[in-house]
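I opened this entry to keep a record of what I looked up in the model. I began with the chain as a whole and then went on to single contacts and residues.

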Amino acid sequence: MAEPEHKCVAEPEPAAEAELAPLAAALLAAVVLAPEANWDLPLLALLIPLSVISDLRAVETAAWRVKISGSLLAIVTATALLGAAPGVVVGVSTILVSWLRSRYGETDLLINLLVYATFPLISGALFHFAI
């Protein structure tokens, strides 16, 4: 009688699976909104490193173990001046580079990617709809 095969591939955590669909939807929406954006490449080339460096140099508060960085300023500036899709590019780039340094868990990475893709997407779409 043959023994059953054992798979070496780890099953994704349920929390990780819950983030994949909304993240994919947010990235797809950013691609759809990309043609409407103002792709000012010199400004984008300034804001991405500003956001990344600010996030890498975040200060941890002693009281609540919360990290404070200025990356939000660069992401919001990109979102307001360039549009939702460039804001998503700045936000997602910031999280990916930050993760390369810290290497925290996959679930936390997916949650951070979802948040940093969604808030510039929604705020940028609403901002540019309002003006």
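I first fixed my terms: helices (H or I, at least four residues) and strands (E, at least two) are DSSP runs, numbered from the N terminus. The model is predicted, so I noted that local features need pLDDT of at least 70 and that side-chain atom pairs count only at pLDDT 80 or more, while totals for chains, interfaces and linings use all residues. Residues are numbered from 1 along each chain as its sequence is written, and side-chain values use heavy atoms, with hydrogens and water left out.

**Entry 1: the chain**

I looked up the elements and found five helices and two strands in the protein chain, arranged along the sequence as α-α-β-β-α-α-α. For burial I used relative accessible area, where buried means under 20%, exposed over 50% and partly exposed in between (1.4 Å probe, protein chains only). By that rule, 31% of the 131 residues of the protein chain count as buried. I took contact to mean heavy atoms within 4.5 Å, and noted that, of the contacts in the protein chain with a separation of 6 or more, 72% are between residues 24 or more positions apart.

**Entry 2: the core**

I then asked which residues touch the most other members of the largest nonpolar core. Such a core is a set of buried Ala, Val, Leu, Ile, Met, Phe, Trp, Tyr and Cys residues joined through side-chain atoms within 4.5 Å. This one has 22 residues, and Leu-23, Val-88, Leu-113, Ala-117 and Leu-121 are those that touch the most other members. Two or more residues each come from helix 1 (14-33), helix 2 (41-56), helix 3 (71-82), helix 4 (84-102) and helix 5 (106-130), and helix 5 gives the largest share, seven residues. I followed Leu-113 outward and, leaving aside neighbours within four places in sequence, found Leu-113 in contact with Leu-23, Val-92, Ile-95 and Leu-96.

**Entry 3: helix pairs**

Two packed helices are described by the angle between their axes and the distance between the axes. The axes are lines fitted to C-alpha atoms, for helices over the stretch in contact, and angles run from 0 to 180 degrees between N-to-C directions. Angles under 35 degrees count as roughly parallel, over 145 as roughly antiparallel, 65 to 115 as roughly perpendicular and the rest as oblique.

For helix 4 and helix 5, the axes come within 8 Å and cross at roughly 160°, so the two are roughly antiparallel to each other. Among the residues that meet there are Val-88, Val-92 and Trp-99 in helix 4 and Leu-113, Ala-117 and His-128 in helix 5. I sorted this contact by class (Ala, Val, Leu, Ile, Met, Phe, Trp, Tyr, Cys and Pro count as nonpolar, Asp, Glu, Lys and Arg as charged, and the others, Gly among them, as polar), and the result was 13 nonpolar, five polar and no charged residues.

For helix 2 and helix 3, the axes come within 7 Å and cross at roughly 160°, which makes helix 2 roughly antiparallel to helix 3. Ser-51, Ser-54 and Asp-55 are among the helix 2 residues in this contact, and Ser-71 and Ala-74 are among those of helix 3. Its residues divide into nine nonpolar, four polar and one charged.

For helix 3 and helix 4, the axes come within 6 Å and again cross at roughly 160°, and the pair is therefore roughly antiparallel. The contact, which includes Ser-71 in helix 3 and Thr-94 in helix 4, has seven nonpolar, five polar and no charged residues.

**Entry 4: Asp-55 and Ser-71**

Is Asp-55 buried or exposed? Asp-55, in helix 2, counts as buried because its relative accessibility is 15%. Ser-71, in helix 3, has 2% relative accessibility and so counts as buried. Their C-alpha atoms are separated by 5.6 Å, with the two positions 16 residues apart along the chain counted as their separation. Not counting residues up to four places away in sequence, Asp-55 touches Ser-69, Ser-71, Thr-94 and Ser-98, and Ser-71 is in contact with Ser-51, Ser-54, Asp-55, Thr-94 and Tyr-116.

**Entry 5: two loop residues**

I closed with backbone angles. Arg-65, in the loop between strand 1 (59-60) and strand 2 (67-68), has a positive phi of about 55° although it is not a glycine, and with a relative accessible area of 67% Arg-65 is exposed. Arg-103, in the loop between helix 4 and helix 5, has a positive phi near 55° and is likewise a residue other than glycine; its relative accessible area is 53%, so Arg-103 is exposed.
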